Amino acid sequence: MSETQSPRTDPRADRLADAPEPHRIAVLALPGVPPFELGIPSRVFGSVLDGGGRPLYEVTVCTADGAPVLSDAGFTVQPAAGPEALAAADTVIVPPTHAMPELGRGGPLPPEVTAAIARIRSGTRLVSICTGSYVLAAAGLLDGRPATTHWNLAPEFRRAYPRVKVDEDVLFVDDGDVLTSAGVAAGVDLCLHMIRRDHGAAAANRAARMCVVPPWRDGGQAQYIDRPVPEPTVATTTATRAWALEHLGEPLSLNRLAEHARMSLRSFTRRFRDEVGMTPVQWLTAQRLELAKQLLETTDLSIGLVAHRCGFGSANSLRAHMRAAFGVSPAAYRRTFGPDDPAGARVAVTVRC
């Protein structure tokens, strides 16, 4: 740009000037934090950029008192900030800690952690990964709310925090301003879900590609699947699922799926649930809804044509499924996340998991 040229002559400058500040995320690192879970928010949210290449999230790792903490891997984590980051955050994420066994018995939080959490502003979105849920529960922030944690610790959690409505059979729970996830990789699923909720499926898919992880696993999917890796001599449904994704716009009955897998209907249904953690019908509906969201975001196809391409048959059917799953109509979803939406002007659509 020349010295005499006004920045207002560049439409990109207008968009950048009008773009909102990044959503501020504070990650509270506690003693005994596992490095993998601690790094999930920075890695996933750090992959999200707007149309001008600006980050949509600002992630800060902090500690309760600003001092370094020892991870459960034996090395020290040097935080970027202290508890003041919690007071400034739009979202606070609490990874697990393996150094507070008293929380498993319903014991109190350390005073410095209680004081740090008290600095969080009202209305801040609260998130836990795995046993970070113990910290939120010990602070009384999950009382009366649905939540999840690692399936193996659910009985202990339920005894320690009877006021929390624990569901150990899901990957994550979205209760609006409080979200909780199951163990390890479910934290990635929850972060991608939050990006999808904030900025739409296309943004979440781009972040997933950058992180080289699956772009979408439904929050209601089972945490623990009995036989996720079948024995080599046992037929699987993997190829049939890949084929179904290429034919979502066609009628896909259970019989047709079983025939493709060369299994009996009973064997196919049982094997599918063992491998995926949900029924074939539930999985198909979820995949069709995901495709519908992508088409609504990235194309100007009519609602009826989107419904047809996704296998819902009619606009009314798509409308009913989207209202049941997301609480919004296809038209409302497109207004929020569609191709004509100006950068940074989107609002959140709450997903009911």
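Two strands count as paired here if DSSP finds at least two bridges between them. In this predicted model, strand S5 (residues 91-94) clears that bar with S6, the two being joined in parallel by 4 bridges. Within that pair, Ile-93 has Val-127 of S6 as its bridge partner. Helix H7 (residues 185-199) packs on the sheet and touches S2, S5, S6, S9 and S10, with its direction at about 150° to that of S10.

Zooming out, the sheet is an open one of 6 strands, in the order S2-S1-S5-S6-S10-S9, and its pairing is mixed. S2 (57-62) and S9 sit at the edges, each pairing on one side only. Neighbouring strands are turned against each other by 15° on average, ignoring direction. Another helix, H2 (residues 35-45), lies across S1 (23-28), S2 and S5, and runs at about 160° to S2.

Now to S10 (residues 178-181). Side chains in a regular strand alternate between the two faces of the sheet. Accordingly, Val-178 and Thr-180 point one way and Leu-179 and Ser-181 the other, and all are buried. On the S6 side (residues 125-128), 3 bridges hold a parallel pairing with S10, and Leu-126 stands opposite Val-178. With S9 (residues 172-174), S10 pairs in the antiparallel sense, again over 3 bridges; here Phe-172 is matched with Ser-181 as its bridge partner. S9 and S10 make a hairpin with 3 residues between them. In that turn, Gly-176 has a positive phi of about 85°.

Notes: Residues numbered from 1 in each chain as written. Predicted model: local features only at pLDDT ≥ 70, side-chain atom pairs only at ≥ 80, totals over all residues. Heavy atoms only, no water. Buried < 20%, exposed > 50% of the residue type's maximum accessible area, 1.4 Å probe, protein only. Axes fitted to C-alpha atoms, helices over the stretch in contact; angles between N-to-C directions. Contact = heavy atoms within 4.5 Å.
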